[in-house]
Amino acid sequence: MFIRRRTTPVFLFLIVVFTLYAVVEAGIIPSYKIKDCKQTSGLVKCTDTMLVSIAVDDTGLGAATKFTIDSLVVPVDSNGVEWNVKEPINVEISRTDPIVEFEQVSQGIVKNAFEQQKKLGNGEKCNNNEFCCSNGYKRWISFNSTEYYLFSIGTPSLLYHIRIDIYQNDISYTLFLNPQSKTVKYLGITASLEYDLIQLGNTDFRNYMYVVESSNLGKLEGFIVPMQHFGDGVNRIGISQEMYNRKVDCLLALGSITKIGDSVYDQFYGFRSRRVSSDMGCTFNPQQQNSLYLQCAKTSSTTLLLELPIKGNGGFKIEKFYGNPYIVGKGALLLQSTKTTIYVDVFNDIDSTGKIEVELNSCCFKKGEKQTCSDSKTVAKYVKSVGPYDTKRVYFSVVPTLTDFDNGFCIIAIGQYGKVEKEEEVSFSMKTVLSEPTTTYCYPPKLKTIVGGRVVCITDCPTADTIYNETIYQCVPVDCSIKYRGLKEFFNHLTLKCEEKKKCEEWKENYDYNNNLCITKKEYETKPSSNYEICTENDLTSSNLHSLNCGYGYMDRMGTICTCPNGFVTSAESNLFCDINLNDIKPVPASLELPKPTFFESLCDLPNWAQILLIAIFIVLLLSPIPLGIIFVFCCIKKIDPKKEAMKRKYGELKKKSVWRRIQTAVVKGDFSAHEYKITDEKKEQLKLSTLEKKKLQKKKKKECVPYCKKGE
């Protein structure tokens with residue numbers, strides 16, 4: 001569980017906090033401590049973790065912050081035991097600029113008001129809303145044409161994202177924090193932000209009005225004015241003409257009724273420089289017209305806490321400086337009457353490094369029956385870092401308390417962190433002058449250990465399925481079928497582990513005894529995916545041989561080359577991937593070529609989305625105004641009647657008679673029809689002209705016919 005700064009006294013007692021050097025950037029101060037597991041029972045198993053506390057000062061958390069936890073960082077657990085970071089842990093922290101957003105609620109529109117006066121001329125009178133003063137002046141209130149929009153803004157909302165990348169060699173984790181999730185747990189790692197990147201405690205503007213000039217709305221930031229300065233009253237923004245008319249007083253100084261602050265003509269004068277962004281150290285961002293949108297590059301002081309699991313599955317390589325010390329060798333060198341050198345060989349019988357304390361407690365020297373010892377209990381003390389299964393020699397120089405002594409002894413104590421674990425007596429004699437002793441080493445893969453109180457060499461082969469052969473001095477595979485009683489019969493030389501024998505489908509696969517693979521028979525082979533990488537000889541390392549892609553072929557026993565079946569060859573790039581031999585492929589005869597698809601078959605071959613799009617276009621065209629207009633032309637236009645058209649040209653439009661006309665024609669002409677031809681004025685003129693011409697023609701013809709025409713012609 002991740003622990004915040006507000007820890008309980010019990011937790012503070014269990015955790016020893018300290019700060020050491022680490023590779024960090026300016027603005028952050030990391031500290032480290034070990035939270036050791038104290039659980040002795042329960043269903044949930046606890047693990048040791050390292051707590052990293054990153055204190056961010058007032059310069060703020062940078063947009064990109066990096067630091068390294070290396071071997072110089074030595075955290076301590078509740079027992080005072082030091083721990084060692086075996087490999088550097090890199091921490092990268094990146095963030096977005098925090099966004100502070102105030103929601104704007106409209107409260108109306110106001111104009112700047114100010115009072116004016118002018119000396120009256122001879123006989124001049126005051127107009128409406130003007131007041132004549134006894135001193136010969138007239139006064140009135142004026143309003144600027146510029147409109148100011150008023151908004152109320154309350155407590156803002158905060159938005160930011162923090163990304164934390166933690167990696168140590170092949171171990172890598174990524175966590176994300178935001179205002180809604182300031183604590184995140186992921187695969188044993190906990191990240192927690194104690195305080196938000198922007199402290200909103202001093203951003204309460206509920207008692208202010210946010211004022212924006214109409215021309216600047218959505219473009220420039222407005223300013224804030226305390227709400228007490230608004231309203232329909234004296235010395236208020238928003239004073240009305242009616243209120244001024246009631247309160248005007250010529251005895252008062254000009255502007256006494258309208259002004260706010262020192263300016264007579266600008267009611268906003270004292271507030272125009274008061275910006276929300278300036279108070280918060282942020283920048284106005286005109287992205288949102290309906291809200292006050294601020295972007296803050298600098299953050300407030302805070303603390304970022306990380307809890308990293310140690311060892312185990314996915315844990316970081318952080319080891320305890322705690323060993324299992326034994327004295328495996330001792331003696332004295334350079335025995336002289338004035339100086340003696342005592343030595344001990346300290347062996348650490350454990351797989352972690354130990355910080356071993358070796359003390360020379362006291363020494364006694366004898367000459368005959370006389371014996372003198374050192375007064376001080378601790379003559380000298382050394383702290384040695386002894387690696388896993390390693391041996392360190394420690395020397396002590398001793399000044400004898402007797403001259404010309406015969407023999408003596410010293411008491412050597414070994415322990416860790418102030419606790420004595422073992423004591424050893426080192427005896428010496430002037431009769432035996434010792435030289436530098438030789439040390440027997442265990443050659444790899446053998447390691448030192450204590451068996452029955454003596455140092456012996458044991459084997460440490462890479463896996464549990466390999467054993468050390470004393471004859472050839474190397475690790476060899478075990479007999480998998482005997483060890484696992486038939487459950488695992490194949491030894492993989494790449495992983496050095498026993499594996500289950502592959503169960504192949506005999507009807508289409510053959511078993512490869514060398515590689516424990518099922519090989520598809522030729523008649524059932526299919527072309528593999530083309531998504532593969534061409535390996536080079538440099539890529540053929542023991543760590544990636546198991547992923548060698550042989551395409552249609554298969555790896556040999558050593559996993560270094562590909563074996564291809566008939567009809568397939570290796571690629572030219574790497575001689576590894578088995579592909580189809582293009583030289584064996586014959587062209588397709590013309591008689592077997594497929595016929596070209598028809599138009600509708602081509603449409604059916606289109607993707608589903610294309611077919612749906614074509615159907616939609618057809619429906620839209622079918623229902624559009626163009627086909628509807630065509631239908632109207634062919635279906636709705638009246639059929640032309642030639643006879644009616646001829647009558648219309650001769651007599652005019654056929655109109656329905658009015659009630660009076662029907663009575664008139666019925667009485668005078670005996671015509672009871674409901675319609676008659678309505679002759680237009682133009683038609684009447686044409687008929688009139690034709691009648692006159694006809695009469696003239698008759699008169700002319702009559703004159704020409706008089707001498708010789710018969711009677712009646």
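Which cysteine does a disulfide join to Cys 504? The tour answers this at its second stop.

This is a predicted model, in which local features need pLDDT of at least 70 and side-chain atom pairs count only at pLDDT 80 or more, while totals for chains, interfaces and linings use all residues. Residues are numbered from 1 along each chain as its sequence is written, and side-chain values use heavy atoms, with hydrogens and water left out.

**Stop 1: strand 11 and its partners**

Select residues 162–168, which form strand 11. Strands (E, at least two residues) and helices (H or I, at least four) are DSSP runs, numbered from the N terminus. Five of the seven residues of strand 11 are buried; buried means under 20% relative accessible area, exposed over 50%, and partly exposed in between (1.4 Å probe, protein chains only).

Add strand 5 (residues 89–95), which pairs with strand 11 in the antiparallel sense over six bridges. Two strands count as paired if DSSP finds at least two bridges between them. Asn 90 has Tyr 167 of strand 11 as its bridge partner.

Next, add strand 12 (residues 171–177), joined to strand 11 by seven bridges in an antiparallel arrangement. Here Ile 162 stands opposite Leu 177. Strands 11 and 12 form a hairpin with two residues between them, and Asn 169 in the turn has a positive phi of about 55°.

**Stop 2: disulfides**

Select the cysteines. The whole structure contains eight disulfides, a disulfide being a pair of cysteine sulfur atoms within 2.5 Å. Three of these pairs are visited here.

Cys 504 is joined to Cys 518, with an S to S distance of 1.9 Å. Cys 504 lies in the loop between strand 34 and strand 35 (509–512) and Cys 518 in strand 36 (residues 517–520), so the pair ties together parts that are 14 residues apart in sequence. The link of Cys 504 and Cys 518 is left-handed, with -90° about the S-S bond. Cys 518 is partly exposed at a relative accessible area of 26%.

Move to Cys 480 and Cys 498, a disulfide with an S to S distance of 2.0 Å. Cys 480 belongs to helix 4 (residues 480–483) and Cys 498 to strand 34 (residues 497–499), so this pair ties together parts that are 18 residues apart in sequence. The torsion about the S-S bond of Cys 480 and Cys 498 is about -75°, so the disulfide is left-handed. Cys 480 is buried at 4% relative accessibility, and Cys 498 is buried at 6%.

Then select Cys 126 and Cys 132, joined at an S to S distance of 1.6 Å. The torsion about their S-S bond is about 125°, so this disulfide is right-handed. Cys 126 is partly exposed at 21% relative accessibility, as is Cys 132 at 43%.

**Stop 3: the four-stranded sheet**

Select strands 10, 6, 18 and 17, which in that order make an open sheet with antiparallel pairing. Strand 10 (157–159) and strand 17 (283–284) are the edge strands, each pairing on one side only. Five bridges join strand 6 (residues 99–103) to strand 18 (residues 291–295); Phe 102 has Leu 292 in strand 18 as its bridge partner.

**Stop 4: helix 6**

Finish at residues 608–623, helix 6. Of its 16 residues the number buried is one, so helix 6 lies largely in the open. Leu 613 in this helix is partly exposed, with a relative accessible area of 47%.
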